[in-house]
Amino acid sequence: MLANQPPSPVLRGPVPLSHLLLRRFIQPGSRVIDATCGNGKDTLLLAELVGDAGHVWAFDIQQEALDRTAQRLTDQSLLQRVSLLHAGHECMQELLEPPLQAVVFNLGWLPGAPREVATCTATTLTALEASLQLLAPAGLVLITCYPGHAGGDQEAAAVQEWAASLSPRSYFVWRMGQLNVTSDAPFCLLIQDGRSSDVR
Ligand SMILES: C[S@@+](CC[C@H](N)C(=O)[O-])C[C@H]1O[C@@H](n2cnc3c(N)ncnc32)[C@H](O)[C@@H]1O
């Protein structure tokens with residue numbers, strides 16, 4: 001390895017893959033949403049990437065998640081770049097204006113909290129539709145799905161079906177999952193707004 005070169009990312013699971021994509025797409029000054037802040041790992045990366053000129057809006061329905069995220073951001077002196085919203089992501093269109101460069105979903109439950117409080121299909125699909133209305137040209141929606149648990153399987157299938165139904169003339173939709181693991185392993189979906197693209 002060359003001196004001063006950052007170490008290569010280790011792609012164990014979908015989260016490092018989603019972070020790799022976010023690092024490529026999110027620029028200083030970007031406006032982005034973390035739709036499920038949970039422990040705040042995605043929120044922290046987004047706060048680093050948007051810089052002082054950008055902003056992150058982070059949603060969660062559990063105060064515990066918002067508290068954990070606030071602590072993580074405070075530890076890195078990045079809390080001022082983030083608005084923590086104690087609200088369901090299905091309300092994002094009522095609370096925010098376009099344009100947003102990215103909306104990030106990491107579905108499922110808060111690690112270490114009761115599993116009954118997890119994302120659910122109906123509100124996730126409402127929030128995904130809202131995300132498309134808020135995106136900037138070439139903006140991204142990035143979704144990590146967990147089909148390997150009860151409820152998550154049905155949610156992942158519904159999200160994938162919804163994403164696959166988007167017009168290829170308007171959106172570029174990608175599915176990324178590790179092949180050499182069980183078929184119900186987590187996977188990422190990426191949707192890029194291509195409505196202003198000249199690739200039609
Ligand atoms: C897998 S965790 C997110 C992990 C997080 N991104 C991280 O980096 O630690 C999923 C989170 O979604 C939250 N959640 C569930 N339903 C929600 C909703 N309708 N709106 C916003 N957050 C929701 C849960 O409370 C939980 O904290």
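**Exposed loops, sheet and ligand shell in a predicted model**

Ser77 is exposed, since only 9 other C-beta atoms lie within 10 Å of its own, and 12 or fewer is the cut-off for that class. In this predicted model, Ser77 belongs to the loop between helix H3 (63-75) and strand E3. The backbone of Ser77 adopts a phi near 55°, a positive value in a residue other than glycine. A positive phi also occurs at Ala138, where the angle is near 70° and the residue is again not glycine. A further backbone feature is the peptide bond from Pro98 to Pro99, which is cis with omega near 5°; Pro99 is found in the loop between helix H4 (92-95) and E4. As background to these features, most residues other than glycine have a negative phi, and most peptide bonds are trans.

The strands are arranged in an open sheet of seven members, in the order E3-E2-E1-E4-E5-E7-E6, with mixed pairing. Strand E3 (82-86) and strand E6 (171-177) form the edges, each of them pairing on one side only. On average, and with direction ignored, neighbouring strands of this sheet are turned by 15° against each other. Strand E1 (residues 31-34) runs parallel to strand E4 (residues 100-106), to which three bridges join it, and within this pair Asp34 has Val104 of E4 as its bridge partner. Helix H1 (residues 14-25) packs on the sheet, where it touches E4, E5, E6 and strand E7 (187-193), and the direction of helix H1 makes about 170° with that of E5. Helix H6 (residues 152-164) likewise packs on the sheet, in contact with E5, E6 and E7, and the direction of helix H6 makes about 30° with that of E7.

Strands E4 and E5 also run parallel and are joined by six bridges, with Asn106 standing opposite Thr144 in E5. Thr144 also provides a link in space to helix H1, in which Val15 lies: although Val15 and Thr144 are 129 residues apart in sequence, their C-alpha atoms are 7.4 Å apart. Val15 itself is partly exposed, because 16 other C-beta atoms lie within 10 Å, a count between the limits of 12 or fewer for exposed residues and 20 or more for buried ones.

Strand E5 is largely enclosed by the rest of the structure, because eight of its 11 residues are buried. Ala138, which has its place in strand E5, is nevertheless partly exposed, because it has 14 C-beta neighbours inside 10 Å. When residues up to four places away in sequence are not counted, Ala138 touches Gln192 and Asp193. The C-alpha atoms of Ala138 and Ala3 are separated by 34 Å, the two residues being 135 residues apart along the chain.

The largest nonpolar core comprises 44 residues, of which Leu46, Ala102 and Ile143 touch the most other members. Strand E5 (residues 135-145) contributes the largest share of this core, with six residues. Leu46, found in helix H2, is buried, because it has 29 C-beta neighbours inside 10 Å and 20 or more are required for that class. Leaving aside its neighbours within four places in sequence, Leu46 is in contact with Leu22, Ile26, Val32, Asp34, Val56 and Val104. Two of these contacts, Asp34 and Val104, are the bridge partners described above for E1 and E4. Leu46 and Arg31, which are 15 residues apart in sequence, have a C-alpha to C-alpha distance of 9.4 Å.

Around the ligand there are 23 residues, of which Thr36, Gly38, Asn39, Lys41 and Leu110 come nearest. By residue class, the shell around the ligand divides into eight nonpolar, 11 polar and four charged residues. Helix H2 (41-50) and strand E2 (55-60) each supply at least two residues of this shell. Helix H2 thus contributes to the surroundings of the ligand and also holds Leu46, one of the residues that touch the most other members of the largest nonpolar core.

Key
Residues are numbered from 1 along each chain as its sequence is written. This is a predicted model: local features need pLDDT of at least 70, side-chain atom pairs count only at pLDDT 80 or more; totals for chains, interfaces and linings use all residues. A residue is near a molecule or strand if its C-beta atom, placed from the backbone, lies within 6 Å of it. Helices (H or I, at least four residues) and strands (E, at least two) are DSSP runs, numbered from the N terminus. Ala, Val, Leu, Ile, Met, Phe, Trp, Tyr, Cys and Pro count as nonpolar, Asp, Glu, Lys and Arg as charged, and the others, Gly among them, as polar. A nonpolar core is a set of buried Ala, Val, Leu, Ile, Met, Phe, Trp, Tyr and Cys residues joined through C-beta atoms within 7 Å. Two strands pair if DSSP finds at least two bridges between them. Axes are lines fitted to C-alpha atoms, for helices over the stretch in contact, and angles run from 0 to 180 degrees between N-to-C directions. Two residues are in contact if their C-beta atoms, placed from the backbone, lie within 7 Å.
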